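Below are some notes for a first reading of this entry. Please keep the structure open beside them.

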Amino acid sequence: RLGDLVRFTSKDPLRMEFAGRLTGCLSTTQELTTHVEIQRAMEHALTKFGATTVDYGCGADVGVNGTSRSRYALFAEFEGQAPEPSAFARAFDEGLCQENRVYREHRRDDVGIFAPELTVLPGGSVKRFMSEIGNTSVQSKFPRILDDERKRILRSYAR
């Protein structure tokens, strides 16, 4: 009823951890990827490349290349030199496959979901974006899950 997703990590003693919110999921093929899984996949890729982000978010592109399949669209502003986008997206994909069984099954041979795509944002994009969407409070957080309008805004910065 609250809309929280939890994961039980132990039965004895009984322990659970917060895994996200139902409203904070990406799901194109019933994979229900949470913002926590996206964060862990991003951490996997950042560690692999020794990179750091200013911030990042992820959305879903549905109907890619005239098909009914989708892909995850990752947007990130990096501190310093950005990693090569396709290699970083592969590392993110590896991390997400480790985190989400249904995503992994639908990624196998591009059955339901194509490989993710990274859009590297130029410096200052995170601050500009937050201002543009009206999140100017110091307590506002960059959204981990991006809808189509927010993806459009971020893509306009990269052009």
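1. Two strands pair if DSSP finds at least two bridges between them. The model discussed here is predicted. In it, strand β5 (residues 53–62) and β6 are paired in the antiparallel sense, over 9 bridges. Within this pairing, Gly 57 has Phe 75 of β6 as its bridge partner.

2. On another pairing, β6 is joined by 4 bridges to strand β7 (residues 117–120), and these two run parallel. Here Ala 76 stands opposite Val 120 of β7.

3. Is β6 mostly covered or not? Strand β6 spans residues 70–78, and 9 of its 9 residues are buried. In a regular strand, side chains alternate between the two faces of the sheet. Ser 70, Tyr 72, Leu 74, Ala 76 and Phe 78 point one way from β6, while Arg 71, Ala 73, Phe 75 and Glu 77 point the other way. Both sets are buried, with Arg 71 and Glu 77 included.

4. The largest nonpolar core has 23 residues. Leu 74 and Phe 78 are among those with the most contacts inside it, as are Met 42, Cys 58 and Phe 92. Two or more residues come from each of α1 (35–49), β5, β6 and α2 (85–99). The largest share, 6 residues, is from α2.

5. Leaving out residues up to four places away in sequence, Cys 58 touches several others, including Leu 26, Ile 38, Tyr 72, Leu 74, Phe 92 and Ile 145.

6. Another core, of 11 residues, lies apart from the largest one. Among its residues are Ala 73, Phe 75, Phe 129 and Ile 153. Ala 73 and Phe 75 point the other way from Leu 74 and Phe 78 on β6.

Note on methods:
Residues numbered from 1 in each chain as written. Predicted model: local features only at pLDDT ≥ 70, side-chain atom pairs only at ≥ 80, totals over all residues. Heavy atoms only, no water. Buried < 20%, exposed > 50% of the residue type's maximum accessible area, 1.4 Å probe, protein only. Core = buried A, V, L, I, M, F, W, Y, C linked by side-chain atoms within 4.5 Å. Contact = heavy atoms within 4.5 Å.
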